[in-house]
Amino acid sequence: MKALILVLALTAPAPADDAGTFASLCRFGNQWMISGDWDGDGVHGPGIVQESDAGLEWFLRNDPGSGPVDVQFTFGPKGAMPVVGDWDAKNGDGVGVVINKDKNLRWQLRNTLQLGPPDADFTFGTSASDIPVAGDWDGKNGDGIGVNRVSGNNLQWQLRQSADAGSPFTIFNHGAKGDGPQAGDWDGRGGDGIGTTHRATGLEWKLRDSANAGSANRNFTFGAGNTDCQLTGDWNGDGTDSIGIVRIVDGKREWQMRNSLSAGSADFTFTY
């Protein structure tokens, strides 16, 4: 596809919007901030998913830096939440959407980055209260799915090792009500751990190396709690996922990425 320069207009640079229960991603106005390994080279690039009456339009860049769009296509209806995962364990991440439908979460997943019908279409989770998540929970055959559910003052994780309908393989509590769930390979050993972000004076990250109950292995602050969008990915191809934030600076999306899981300044910054 011919390269395109990303010229999406921003709505007013208001504080980051976690879009209700969908707190694992956030957006500015009608634009979701995402990341993924779009070309399968082990490095995550940025993405913008813009919502319009026609549906969700995806603008993806393979490398974490300024430059033209590498892939552009439309997938998913208006009102859906974008999700990202390596659904078939082949050539990098695919895309998907999660739709509130008939008191359930309906997942529509696509393995390739182009217009077309979903490769998988199923329900998992309850739309009234659940937050969708995705990750490689067992370190084996691609990414599975999951939901977060508020249980008292806790976040209850219900995870499934494959990207299809069925029962959770594990259910446990981790995090507090109001936190945003995160997933990533924090220790570089294969398989994703879990974590949460909490919006306070700063953006507080609490990450656990494994996908089960227990204390956080890392606890630090990176980003502004009220204005920044949070995201995770492997920015340098070292096999370990790290963190990043997106904020609006002078009307532009500024991506600030950090290669280590700790407080500190961004290792590199770019606009996209």
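**Exercise 1.** Determine how many helices and how many strands the secondary structure of the protein chain comes to in this predicted model, and decide how its radius of gyration relates to the globule rule.

*Solution.* The count for this predicted model gives 0 helices and 21 strands in the protein chain. The next step is to take the radius of gyration, which is 17 Å, and to set it beside the 19 Å that the globule rule gives for 272 residues; the two values are close, so the chain is as compact as a globular protein of that length. The extents of the C-alpha trace along its principal axes complete the description, at about 45 × 40 × 35 Å.

**Exercise 2.** Describe burial, contacts and surface of the protein chain.

*Solution.* Taking under 20% relative accessible area as the criterion for burial, one finds that 52% of the 272 residues count as buried. Among contacts with a separation of 6 or more, 39% are made by residues 24 or more positions apart. The exposed area comes to about 11,300 Å², of which carbon and sulfur atoms supply 44%. For the charges, the mean position of the 22 positive ones lies 5 Å from that of the 34 negative ones.

**Exercise 3.** Work out the strand order of the open sheet formed by 5 strands, and identify its edge strands.

*Solution.* The order is β1-β2-β3-β4-β5, with antiparallel pairing. Looking for strands that pair on one side only, one arrives at β1 (27-28) and β5 (71-74) as the edges. The pairing of β1 with β2 (residues 31-36) is antiparallel and rests on 2 bridges, and Phe 28 has Gln 31 in β2 as its bridge partner.

Conventions: Residues numbered from 1 in each chain as written. Predicted model: local features only at pLDDT ≥ 70, side-chain atom pairs only at ≥ 80, totals over all residues. Heavy atoms only, no water. Helix = DSSP H or I, 4+ residues; strand = E, 2+ residues; numbered from the N terminus. Rg over C-alpha atoms; globule rule 2.2 N^0.38 Å. Buried < 20%, exposed > 50% of the residue type's maximum accessible area, 1.4 Å probe, protein only. Contact = heavy atoms within 4.5 Å. Areas by Shrake-Rupley, 256 points an atom, 1.4 Å probe, with all protein chains shown as cover. Lys, Arg positive; Asp, Glu negative; His and termini not counted. Charge placed at Lys NZ, Arg CZ, Asp CG, Glu CD. Pairing = 2+ DSSP bridges.
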